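Here are some short exercises to work through with the structure on your screen. Try each task yourself before you read its solution.

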Amino acid sequence: MPELKKEPPHSQPPAGADPPRSHSLALKDRRHLAVTGVSRIISCDEASAVLETPLGNLTVGGRELQVSELSVQSGQVQLSGRIEYLQYTENRQTSGGVLARLFR
């Protein structure tokens, strides 16, 4: 009887799919925030920044906020300013326009 070899499952994602990114936060003295795993910056001004992460949208609120470093390739963002709060919300995927919402 021939021996069957069990191969480990493929660790690479299918072609065209982005590999999942890890996500972390490092806050120092409520003045400097380093975030990894950011896929995009949704909005940013002096009072708040909204970052899209694998764990949901991260809202950073405060005063005099500035993006001091941004690496699109690695997904790292560094913010500085007076950081007053951090809040996660679920990522919402839009499934169409007004008509799609009317006919649910």
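A salt bridge is counted when a side-chain nitrogen of Lys or Arg lies within 4 Å of a carboxyl oxygen of Asp or Glu. Keep in mind that this is a predicted model.

**Exercise 1. Salt bridges**

Task: Find how many salt bridges the whole structure holds, and work out which parts of the chain they link.

Solution:
- Step 1. A search of the whole structure gives two salt bridges.
- Step 2. Take the side chains of R40 and E52: they form a salt bridge with an N to O distance of 3.0 Å. Distant parts of the chain are linked here, as R40 belongs to strand β3 (residues 40-44) and E52 to strand β4 (residues 48-53), 12 residues apart.
- Step 3. Now look at E84 and R63, whose side chains meet in a salt bridge at 2.6 Å, N to O. E84 sits in strand β6 (residues 76-89) and R63 in strand β5 (residues 56-71), so this pair also links distant parts of the chain, 21 residues apart.
- Step 4. For the general idea, side chains of opposite charge can pair when their charged atoms come close.

**Exercise 2. Buried or exposed?**

Task: Decide whether R40, E84 and V38 are buried, partly exposed or exposed.

Solution:
- Step 1. You need the cut-offs: buried is under 20% relative accessible area, exposed is over 50%, and partly exposed is in between.
- Step 2. R40 has 45% relative accessibility, so it counts as partly exposed.
- Step 3. E84 has 37%, so it is partly exposed too.
- Step 4. V38 has a relative accessible area of 6%, so V38 is buried. You will find V38 in the loop between β2 (32-36) and β3.
- Step 5. To set this in context, buried residues make up 23% of the 104 residues in the protein.

**Exercise 3. The sheet**

Task: Describe how the strands are arranged, and say which ones stand at the edges.

Solution:
- Step 1. List the secondary structure: the protein has one helix and six strands. Along the sequence, the pattern reads β-β-β-β-β-β-α.
- Step 2. Put the strands in sheet order: the six form an open sheet, β1-β2-β6-β5-β4-β3, with antiparallel pairing.
- Step 3. Look at the ends of that order. β1 (24-28) and β3 each have a single partner strand, so one side of each has no neighbour in the sheet.
- Step 4. From one strand to the next, the twist averages 35°.
- Step 5. Zoom in on β3 and β4, which pair in the antiparallel sense over four bridges. Here I41 has L51 in β4 as its bridge partner.

**Exercise 4. Unusual backbone angles**

Task: Find what D29 and R30 show in their phi angles, and where these residues lie.

Solution:
- Step 1. Start from the general rule: most residues other than glycine have a negative phi.
- Step 2. D29 has a phi near 55°, a positive value, and it is not a glycine. R30 also has a positive phi, of about 55°, without being a glycine.
- Step 3. Locate them: D29 is in the loop between β1 and β2, and R30 lies in the loop between β1 and β2 as well.
- Step 4. D29 is exposed, because its relative accessibility is 62%. R30, at 37%, counts as partly exposed.

**Exercise 5. Confidence**

Task: Which residues have pLDDT under 50?

Solution:
- Step 1. Begin with the whole protein: the mean pLDDT is 81, and 67% of the residues reach 70 or more.
- Step 2. Over residues 8-14, pLDDT stays under 50, and the model has one contact beyond four places in sequence for them.

Terms used. Residues numbered from 1 in each chain as written. Predicted model: local features only at pLDDT ≥ 70, side-chain atom pairs only at ≥ 80, totals over all residues. Heavy atoms only, no water. Helix = DSSP H or I, 4+ residues; strand = E, 2+ residues; numbered from the N terminus. Buried < 20%, exposed > 50% of the residue type's maximum accessible area, 1.4 Å probe, protein only. Pairing = 2+ DSSP bridges. Axes fitted to C-alpha atoms, helices over the stretch in contact; angles between N-to-C directions. pLDDT = per-residue confidence, 0-100. Contact = heavy atoms within 4.5 Å.
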